[in-house]
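Please open the model in your viewer and keep the sequence panel beside it, since each stop on this tour begins with something to select.

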Amino acid sequence: MAKTICIDPGHGGIDPGATYNGRKEADYNLRMSLKVESILKTKGHRVVLTHRGNIPSNQKLPLDARRKIAFDAKADIFVSFHRNSIGNATAKGTEV
């Protein structure tokens, strides 16, 4: 059964998320979100993204605005992608 899925590429704009050696979490989140959107669409799902491009560096997409996009789309599922960091180089694992 097809679902409406809202994907939120976390961070963006004035909030790049975790950064390392000039790499921004927001950029990775956006790329991953677009790839997952493509996969889900091939499975017959309707996919809505909270944004599909880079948010201007002087702006922010507030959490409430992201929630409203999912609500207005009548999303069955809301997924927000993030890639967190930690100062411990030996740490491994996944956060859900």
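**Salt bridges**

The structure holds five salt bridges, and because this is a predicted model, please read the distances below as computed from its coordinates.

Start by selecting glutamate 37 and lysine 41, whose side chains form a salt bridge with the closest N and O atoms 3.4 Å apart. Both residues belong to helix 1 (residues 25–42), where their spacing of four residues separates them by about one helical turn. The two partners sit in contrasting surroundings, for glutamate 37 counts as buried at 6% relative accessibility, while lysine 41, at 45%, counts as partly exposed. Now add Arg52 to the selection, and you will have a network of salt bridges that links Glu37, Lys41 and Arg52.

Move next to helix 2 (residues 63–72), where arginine 67 and aspartate 64 are three residues, or about one helical turn, apart. Their side chains meet in a salt bridge of 3.1 Å, N to O; arginine 67 is partly exposed, with a relative accessible area of 43%, and aspartate 64 counts as exposed at 52%.

Staying in helix 2, select lysine 68 and aspartate 72, which are four residues apart and again separated by about one helical turn. Here the closest N and O atoms of the salt bridge are 2.6 Å apart, and partial exposure is found both for aspartate 72, at 48%, and for lysine 68, at 43%. An α-helix has 3.6 residues a turn, so residues three or four places apart point the same way.

**Helix 1 and its two faces**

Return to helix 1 and display its end C-alpha atoms, which are 26 Å apart, in agreement with the 26 Å that its 18 residues should span at 1.5 Å a residue. Which residues of helix 1 are buried? Select Glu25, Ala26, Asn29, Leu30, Ser33, Glu37 and Leu40 to see them. If you look down the axis of helix 1, these buried residues fall within an arc of 130°, so they line one face of the helix. The cover over the buried residues includes strand 1, strand 3 (23–24), strand 4 and strand 5 (77–81). Then turn the view to the face directed away from the buried side, which carries the exposed residues Arg31, Lys35 and Thr42. Following the chain past helix 1 brings you to glycine 44, whose phi is positive, near 95°.

**The nonpolar core**

Select Ile5, Ile7, Leu40, Val47, Leu49 and Phe81, the six residues that make up the largest nonpolar core. The elements giving two or more residues to this core are strand 1 (4–9) and strand 4 (46–49). Centre the view on leucine 49 and show its contacts: with residues up to four places away in sequence left out, leucine 49 touches Ile7, Pro9, Ser33, Leu34, Glu37 and Ile69. Glu37, the salt-bridge partner of Lys41, is thus met once more at this stop.

**Cysteine 6**

For the last stop, select cysteine 6, which lies in strand 1. Is cysteine 6 buried or exposed? With a relative accessible area of 0%, cysteine 6 is buried. Apart from neighbours within four places in sequence, cysteine 6 is in contact with Val48, Thr50, Ile69, Ala70, Ala75, Ile77, Phe78 and Val79. To finish, draw a distance from the C-alpha atom of cysteine 6 to that of proline 62, which lies 56 residues away along the chain, and the viewer should show a separation of 16 Å.

Notes:
Residues numbered from 1 in each chain as written. Predicted model: local features only at pLDDT ≥ 70, side-chain atom pairs only at ≥ 80, totals over all residues. Heavy atoms only, no water. Salt bridge = Lys/Arg side-chain N within 4 Å of Asp/Glu carboxyl O. Buried < 20%, exposed > 50% of the residue type's maximum accessible area, 1.4 Å probe, protein only. Core = buried A, V, L, I, M, F, W, Y, C linked by side-chain atoms within 4.5 Å. Contact = heavy atoms within 4.5 Å. Expected span 1.5 Å × (residues − 1). Arc of directions from axis to C-beta.
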